[in-house]
Amino acid sequence: MTTTPQAHDTNSNSSLPEIIGSSPAMREVYRLTRQVAKSKASVLLLGETGTGKELVAKALHRLSLRKNGPYVRVNCGALTESLLESELFGHVAGAFTGAVKNRSGRFEAAHTGTIFLDEINSTTAKLQVKLLRVLQEREFERVGDTQTVQVDCRVIAAANCDLMEEVEAGRFREDLYYRLNVVPIHLPPLRERREDIPELVGHFLNDYNEENDRYVAHISPQAIEALQEYHWPGNVRELQNYVERAVVMAQGDELTVDLLPASIIGGQRKRSSRSRPADLETLTYELVQEGLGAAGPQEDSMHTKIVNRVERELIAQVMAACDNVQVKAAARLGINRNTLHKKLKEYGLGGE
Ligand SMILES: Nc1ncnc2c1ncn2[C@@H]1O[C@H](COP(=O)(O)OP(=O)(O)OP(=O)(O)O)[C@@H](O)[C@H]1O
Ligand SMILES: [Mg+2]
């Protein structure tokens, strides 16, 4: 391989266009993205909803040698099995009721470019077999056809759940998992990189000021504090929505705490009062009701399921209260640090 003038860029952890955040966790994302972009390897993007998986998928395409080729996104979670099959692979006339014309699929559309398979965990067993073949052999047949189509496209997939857990539960093929997971990139949840919040708020303020012809230039210390304290289940997308709402509602040039949703400020109050155990109680109650309501015998025992969910919540809360410092959290929980480390990993709570 020849050395290009930008070769030093490949290992750089400098930011990517449109992706904000300079926390160590995000810099690692930038480094990995730049490093793998130029290869043909499949990339699996893992992260909770709203953490920026789609932004990274686009960046991977733009930084790749295929940047002038098409970038095609398919949301595998939005279609039924047969519609998704025809969307991905195309069909021939008469293949099923309503298939009046031959139609090429999204894999063919992505030829020489990149295909981004979003919510890959939603695919059924039948489609997983077909996807495995495309990844291995780079070929497939349109639905209802016998002729084989060859494609050259880079596959990026995303899942917003723990895909290994899906493999273990028998819902996702292990061979497909390994094929996709050549290079995994984990997008950290916002609550694990709170230091990026001010920068993100600044970025979204700029965007929404411009869009709404406003000039909200400052953020009050209480507002920043509330944003830093909140646990962000919807991650950056949720933050973006709150900033937009605040800009639209603002009277002056400051983002004040009263412009934020009550649920955020409520969360902050809860944190400093003693109501946390009640949260766990509510969670347990809801889980038990859910378990009792489920028809027939369950795959996992109700006990294991509920204990795991409650333990996950307990650890997440204690970690947040300890600013994600594992030694502190382990001491508070009264468990060994290695045990905590293992559990963080097991529960997808960002333990490396
Ligand atoms: N680091 C970031 N910097 C700037 N904007 C971001 C960042 N992360 C996410 N966003 C914004 O948040 C929104 C959600 O991001 P994106 O769609 O990439 O998330 P996702 O991980 O694909 O979520 P989902 O699993 O729900 O599809 C988008 O509007 C995106 O622009
Ligand atoms: Mg997405």
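## Largest cavity

The residues that line the largest cavity comprise five nonpolar, one polar and three charged. This description refers to a predicted model. The lining is made up of R191, E192, R194, A316, M319, A320, N324, L344 and L349. Helix α13 (residues 302–321) supplies the largest share of that lining, namely three residues. The space inside the largest cavity amounts to about 70 Å³, and a search of the whole structure returns one cavity of 30 Å³ or more.

The position of the cavity follows from its lining. Residues are contributed both by domain 2 (191–271) and by domain 3 (279–346), so the largest cavity lies between these two domains.

## Second largest pocket

The second largest pocket has a volume of about 620 Å³. It is lined by 26 residues, of which G50, G52, K53, L55 and R237 are the closest to its centre. Two or more lining residues come from each of α2 (53–62), β8 (154–159), α8 (197–212) and α10 (235–249).

By residue class, the lining of the second largest pocket consists of nine nonpolar, seven polar and 10 charged residues. Domain 1 (7–188) and domain 2 (191–271) each provide at least three residues to this lining.

## Strand β8 and its partners

Strand β8 is largely enclosed by the rest of the structure, because six of its six residues are buried. The side chains of R154, I156 and A158 point one way from β8, those of V155, A157 and A159 point the other way, and all are buried.

Strand β8 pairs with β1 in the parallel sense over four bridges, and V43 has I156 of β8 as its bridge partner. A parallel pairing over four bridges also links β5 and β8. In this case F116 stands opposite I156 in β8.

## Strand β2 and its pairing with β5

Strand β2 (residues 71–75) shows an alternation of side chains: V72 and V74 point to one face and are buried, whereas Y71, R73 and N75 point to the other face and are not buried. The strand runs parallel to β5 (residues 114–118), to which it is joined by five bridges. One of the residues on the face that is not buried, Y71, has T114 of β5 as its bridge partner.

## Largest nonpolar core

The largest nonpolar core contains 31 residues, and those with the most contacts inside it are L88, F107, I115, L117 and I120. The elements that contribute two or more residues to this core are the strands β1 (43–46), β2, β5 and β8, together with the helices α3 (81–89), α5 (125–137), α6 (163–168) and α7 (174–180). Helix α5 gives the most, with five residues.

Helix α5 also holds K126. With a relative accessible area of 47%, K126 is partly exposed, because this value falls between the limits for buried (under 20%) and exposed (over 50%). The C-alpha atoms of K126 and E81 are separated by 8.4 Å, although the two residues are 45 residues apart along the chain.

## Individual residues: backbone and burial

Two residues that are not glycine have a positive phi, and they are considered in turn. For E18 the angle is about 70°. This residue is found in the segment before α1 (24–37) and is exposed, with a relative accessible area of 55%. For N235 the phi angle is about 55°. N235 is found in helix α10 and counts as buried, at 0% relative accessibility.

S220 is found in the loop between β10 (218–219) and α9 (221–229). Its relative accessible area of 6% places S220 among the buried residues, because the limit for that class is under 20%. S220 and L255 are 35 residues apart in sequence, and their C-alpha atoms are 6.1 Å apart in space.

Methods:
Residues numbered from 1 in each chain as written. Chains lettered and ligands numbered in written order. Predicted model: local features only at pLDDT ≥ 70, side-chain atom pairs only at ≥ 80, totals over all residues. Heavy atoms only, no water. 1 Å grid on protein atoms, 1.4 Å probe; cavity = no way out; pocket = protein on both sides within 12 Å on 5 of 7 lines; lining within 4 Å. Points joined across faces, edges and corners; volume = space filled by probe spheres on them. Nonpolar A, V, L, I, M, F, W, Y, C, P; charged D, E, K, R; others polar. Domains from an automatic or database assignment. Buried < 20%, exposed > 50% of the residue type's maximum accessible area, 1.4 Å probe, protein only. Pairing = 2+ DSSP bridges. Core = buried A, V, L, I, M, F, W, Y, C linked by side-chain atoms within 4.5 Å.
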